[in-house]
Amino acid sequence: MSHLDGDHILLTGGTGFLGQALLEKVLSSYPTTRVTLLIRRRGSSSGTDRLRTLLKRPVFNTWREAVGAEAAAAAVAERVSVIDGELGSTEVTLPDDLSAVIHAASTVSFDPPIDDAFRTNVQGVVDLYDAVARTGTTPHIVHVSTAYVAGARKGVVPERSLDHDAVWRTELAAARAARDSVEWDSRRPGVLRRALADARKDHGKSGPQSTAAAAEERRVEWVEKQLVEYGRLRAQSLGWPDVYTFTKALGERVAEEKLTGAMPLSVVRPAIVESSLRYPFPGWIDGFKMADPLILAYGRGILPEFPGLPDGVLDVIPVDIVVNATLAVAATPPPVDEPAYYHVGSGSRNPLTFRGIHDSVREYFTEHPMPDGGRGQIKVPVWTFPGAKRVERMLRTGEKALSVAQKALLSAPANTRTRHWQDDLTKQKDKLDFLRKYSELYGVYTEAEVIYTDSKLLALHRALPAERTEEHGFDAAVIDWHHYLQEVHYPAITATMRKATAGRRTSSSALPPLKHAPNGGVIAVFDLEGTIVASNVIETYLLAKLCDLPRAGWPAELADLVRRMPRYLAAERRDRGEFLRTFVRRYEGADEAGLARLVKHHLGDALLRRSHPEAIRQVRKHRAAGHRTVLITGTVDVLVQPIAGLFDEVVASRLHVRDGRFSGFLESPPLVGEARAAWLRRYAETVGADLTESYGYGDSYSDRPLLEAVGHPVAVNPDPHLYRHAKSRRWPVAHWKAYTLPVGDAFVETAL
Amino acid sequence: MSRPGFVLEVDERTPALLMHEGEGFRLEKLPLGSRVIYPPESLPGLRDLDARIRHALANPLGREPLHELLRPGMRLTIVFDDLSIPLPPMRTPDIRQRIIEQVLELAAAKGVDDVELIAGNALHRRMTPAELKRTVGERVFRSFFPRHLRNHDAEDKANLTEIGQTRHGEVVEINRRAAESDLIVYVNVSLTAMSGGPKSVSVGLASYRSLKHHHNVHTLRHSKSFNDPPNSAMHHSYNRMAGLLDESVNIFQIETTVNNDTFPDYVGFLNKREWEWNLKDQASYLAVKRANDLAPPKQRRQIWHRTAAPYGVTSVTAGDPIQVHEVTTRHVLRQQLTEVDGPADIGIFGLPYICPYNVNSIMNPILVMSLGLGYFFNLYRGQPIVRPGGVAIYYHPVRNEFHPVHHPSYIDFFEEVLAETTDPVAIETKFEEQFATDPWYIHLYRNSYAYHGVHPLYMWYWGAHAMEHLGDVIFVGGNRKTTERMGFRSASTLDDALEMARERVGRSPSINYLHAPPLTMADVR
């Protein structure tokens, strides 16, 4: 064993969890070893930039503090270099003095689309080893894989080459072709029709552009989902639980095929890598690893049950043990024609059962409960391990009930209570989605009845000189699970979450502050009905009509309105513009001057009676701040006269007039949905206003394009669709209902 | 002969006493030794009212008879008090209608063609056509509305004229049509000692420029009380303005007073002293109370607002404003004044459902404040019924409700201004100009039926004297949020309120309860 003295190592995946730890260990404990990192450029930051950012991570703190910042910088300058490039491109040239290559790069996710998984885990391996071969040297290749490449199986898995017949070239070619094929499929009429129908249901009222955009979004989602399915199912059909393990297994095959006989190859297969036991400091972890979201979810009380076997083994291994093992393997090249295999896990000699984990997690959160945002502490559930089937049934029932409830709420009237219910359902759905995702992803891992032997790795550990075992040892048997979980791992992963759940939950409904903008460069655009007034087109019409008609004419008018109501409602459901067109036919034959008189003497106050005083105050505040106030409405212009004084610009429907009487047609198409957004953009251009600094207020989902056109949208008394959207975009939601007279009172005061 | 007012001292035999609380009432047992101030019994109304009016017009004080003041070709303007008095509104025909009809008959007989009728509503909301019709009667309404029967518009710059300034520099600016008339006939109803006389034209037809000289914190803090004109800085200002007006306009004042028949027969017990309730009164109390409590708030309000008072008219006096007003004030005091032997540590007031500014509308928290700390607190002569630093306990639910059309600036005042400060001086300094000149409020005052933007601030000033005088203000049954916003406290029962009050006034406080309405004015020695 050489201890890598004076060696030059190429490390891939250096920015990942294991990669960071490997780099730290080499820097801090192998003073004569040089490292070259292969780092891809990401966005505008080059590989070198990424190294600079990387070195600021907490993993290097202990080392930097021990040697001093200057010495650390000097060591990096002297011993670390970066190759900034993408594998597979021929321009990448590797150094020709490498003694070892540690290939630790991998996909992060367990269920990426099939082509992504193959690109990284198979093609990446091909490209790397081809590039190494091109240097003409024969360094020791340490190929980091995963214990789970063994696939879905039961019993004992030895440390040797995988036993399967999958042909990596065929699978790689198929995976590459999959995207093209799915892209083709996604353009088939059937798929597009469904996407379009879905989009229309949700966005139809907003207008054709929004519908088209939503349909395309759905198609792209569909493609991604299909590719994920391709991956998962192909993996399962060949005996692997997911595309991650499948491609990692093929990656091993690539390595064996390319390197056996040419270079020494060692395959390191860690199990589930978790926070460090001791180095660089106890509890170091970078982001959440596989089991952590589950542990946190449990601590937050949202994991009522889980499909695991109580006696199943969760093969967890601290990252510093994996690092030590990998570096020890790197220092021990096997013969060129005899690749070596090592399992790095705890299941074989120091197993942690799933029940043990649950007891331990429960113990931890009972003793150190998570704060519940100013409401005391969160209570954790007890798991009964009812088995995968029961859990699946629970999930399915929950999902069905939820989807029915959500649909029902979308067509329920909008009020504070239904909005509250919507919030509750959204929370429930988040929980269920979470459960679904993890039970699908990790089901196999938690139901595993498999043991990965680690006798070869143990032999390697025992071969270490006695003085090195303390700092460089990797015997999983030394882990005291109770200590590790309670004192090291749980505190580490819950630390950030504690901060997040400690603060009192505040709603995001505060209105945006109004910045003073005296030159009219800022617009505040308001919808009328539902936003500024509680009334609607039908109500306003009816009041006008009843004020105008003698009492004897009321029953006939009301009866006619009721008779036609289904038609109006149907039109409204289809398209707001169509409804307006249909409805204004009722004005046919009415006298223009008469209506204006009626508005001046009677109806003006009716509109004010039904107004939301808070809305009017908000308009006035915008005016006071020097903003340009704009009213956009489908209501007939005469009828909005009473509040027109509040606005610099009023855009309303204009009725066509023939010989002083209304013809029942509109003068121009009504401004609804995205036509409003288009109008606003043009208006902003004409007056030289900045829409990103502007404000928009609307109540209905059809106002969405208008609200999205401005930088500060506010959902006012939103309908369920808009509420859902506003919540997802974190738009402020205003409830402007106070002091508005109910419709009955307004009718009585106006018409009687 | 009606019995005079008196002060009852609560003893073991005293029954529970009636307490108004918004659109409701209750019987409340007061602590032993509490003093209850009752008004004189309702005076008899005048019989043959039309003849009395005719007589007053023909025999005015300090003026020629009205028919001698009228001549063809003259400009005659009849101004009348708006719907803020009397409270509750009187049964039709309204006394104003009866008087106006006779004035118009005389004018017609004399060949006067140029006649205008103007409601003296100052910064109050315009009266609706229906309200105008109810006040002046169908006949007058039909002949004059809308062109010659109008509301005064205090923001119509073209139709305002500045008469001049008093020696204190107070601008007198009134309705141009009235100012340029050969004769103004002012038709008044004096419900309290504060109204009528010099106030009629100088306030009813004025603009904000003119009103701000007496409707301010300083003046109101020096009006002790504003129902006692000789000791009211506000009335001193009115007098100066009226003096100036007297030099340039010719006013023929017709004033009337009403008796204490405030409530109709079916709630007749509200007009009576509790221990004199007969079986019928007790039964109707139980029935009305139960029905009222069961009715939804909206219906309850509508029913109360539809209730008109069967007032009897106790005097009709015409002629020179100053001389007429002396007679009028005597009649008001004769009906309302009760002598009280000194103030108490605690004053109790039951606030009814109506005040001058919520006729056919909603009593919002600001109006409750001005009714309690303004009108009721100031129903005194000499000194308040509560000692300085004492506690006032009011009964009212103080619901968080506003009429969006009638009181738009009240809503903003409540939500924005009171959230910042409740100090009248701070409010006056920082917000008055903004509220008074806001174009949107002005638009609503002129074109809709809104009180002027500055009106809620005036309401707040109305209570400035009480706020300075009192150590604490507690609302029994008051909405916690709204009372707190206004800087007051709320208690769920009288016992709790008294317990809270004791913190300030000691363990065994003396108590005065002003038993009103019907209106009672305390003459505190």
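**Figure 1. The surroundings of B:Asp228, a loop residue in this predicted model.** Start with the loop that joins α9 (217-221) to α10 (233-248) in chain B: B:Asp228 sits there. Is this residue buried or exposed? B:Asp228 counts as buried, because 21 other C-beta atoms lie within 10 Å and the cut-off for buried is 20 or more. If you skip the neighbours within four places in sequence, its contacts are B:Ala193 and B:Arg381. For a sense of scale, going from B:Asp228 to B:Ala501 takes 273 residues along the sequence, and the C-alpha to C-alpha separation is 28 Å.

**Figure 2. A span of chain B with a UniProt domain label.** An unreviewed UniProt entry lists residues 37-224 of chain B as "domain: LarA-like N-terminal". Within that span, helix accounts for 34% and strand for 19%. How far apart are the end C-alpha atoms of residues 37-224? They lie 19 Å from each other.

**Figure 3. Two separate nonpolar cores.** The largest nonpolar core holds 228 residues, and B:Ile78, B:Val185, B:Ala392, B:Ile393 and B:Ile474 have the most contacts inside it. Helix α14 (residues 365-376) of chain B gives the largest share of this core, at 8 residues. Zoom in on B:Ala392 and, leaving out neighbours within four places in sequence, you find it in contact with B:Gly347, B:Phe349, B:Phe377, B:Val386, B:Ala466, B:Leu470 and B:Val473. A second core, separate from that one, has 110 residues, among them A:Ile272, A:Ala331, A:Ile357 and A:Ile479. As a rule, nonpolar side chains in soluble globular proteins tend to be buried together.

**Figure 4. Where chain B touches chain A.** On the chain B side, 13 residues take part, and they are in contact with 14 residues of chain A. Which elements of chain B give two or more residues to this side? They are α15 (408-417) and α17 (439-447). Sorted by class, the chain B side comes to 7 nonpolar, 3 polar and 3 charged residues.

**Figure 5. Helix α5 crossing helix α6 in chain A.** A helix pair like this is described by the angle between the axes and the distance between them. Here, α5 (residues 114-134) and α6 (residues 168-185) of chain A have axes that come within 8 Å and cross at roughly 140°. The crossing of α5(A) past α6(A) is left-handed. From α5(A) come A:Ile114, A:Asp115, A:Phe118, A:Val122 and A:Gln123, which meet A:Trp168, A:Leu172, A:Ala175, A:Arg176, A:Ala178 and A:Arg179 of α6(A). That contact splits into 7 nonpolar, 1 polar and 3 charged residues.

**Figure 6. Helix α1 packed on helix α11 in chain A.** For α1 (residues 17-29) and α11 (residues 319-330) of chain A, the packing angle is about 65° and the axes are 9 Å apart. This time the crossing is right-handed. On the α1(A) side you'll see A:Phe17, A:Leu18, A:Ala21, A:Leu22 and A:Lys25, and on the α11(A) side A:Val319, A:Asp320, A:Val322, A:Val323, A:Thr326 and A:Leu327. The class tally for this contact is 8 nonpolar, 1 polar and 2 charged residues.

**Figure 7. Chain A, the setting for the two helix pairs.** Chain A has 27 helices and 19 strands. Its C-alpha atoms fill a box of roughly 105 × 55 × 55 Å along the principal axes. Of the 752 residues in chain A, 43% are buried. Among chain A contacts with a separation of 6 or more, 77% link residues 24 or more positions apart.

Methods
Residues numbered from 1 in each chain as written. Chains lettered and ligands numbered in written order. Predicted model: local features only at pLDDT ≥ 70, side-chain atom pairs only at ≥ 80, totals over all residues. Axes fitted to C-alpha atoms, helices over the stretch in contact; angles between N-to-C directions. Helix = DSSP H or I, 4+ residues; strand = E, 2+ residues; numbered from the N terminus. Left-handed = near helix turned anticlockwise from the far one by under 90°. Contact = placed C-beta atoms within 7 Å. Nonpolar A, V, L, I, M, F, W, Y, C, P; charged D, E, K, R; others polar. UniProt positions renumbered as here; feature names shortened; annotations may be inferred. Buried ≥ 20, exposed ≤ 12 C-beta atoms within 10 Å, placed from the backbone. Core = buried A, V, L, I, M, F, W, Y, C linked by C-beta atoms within 7 Å.
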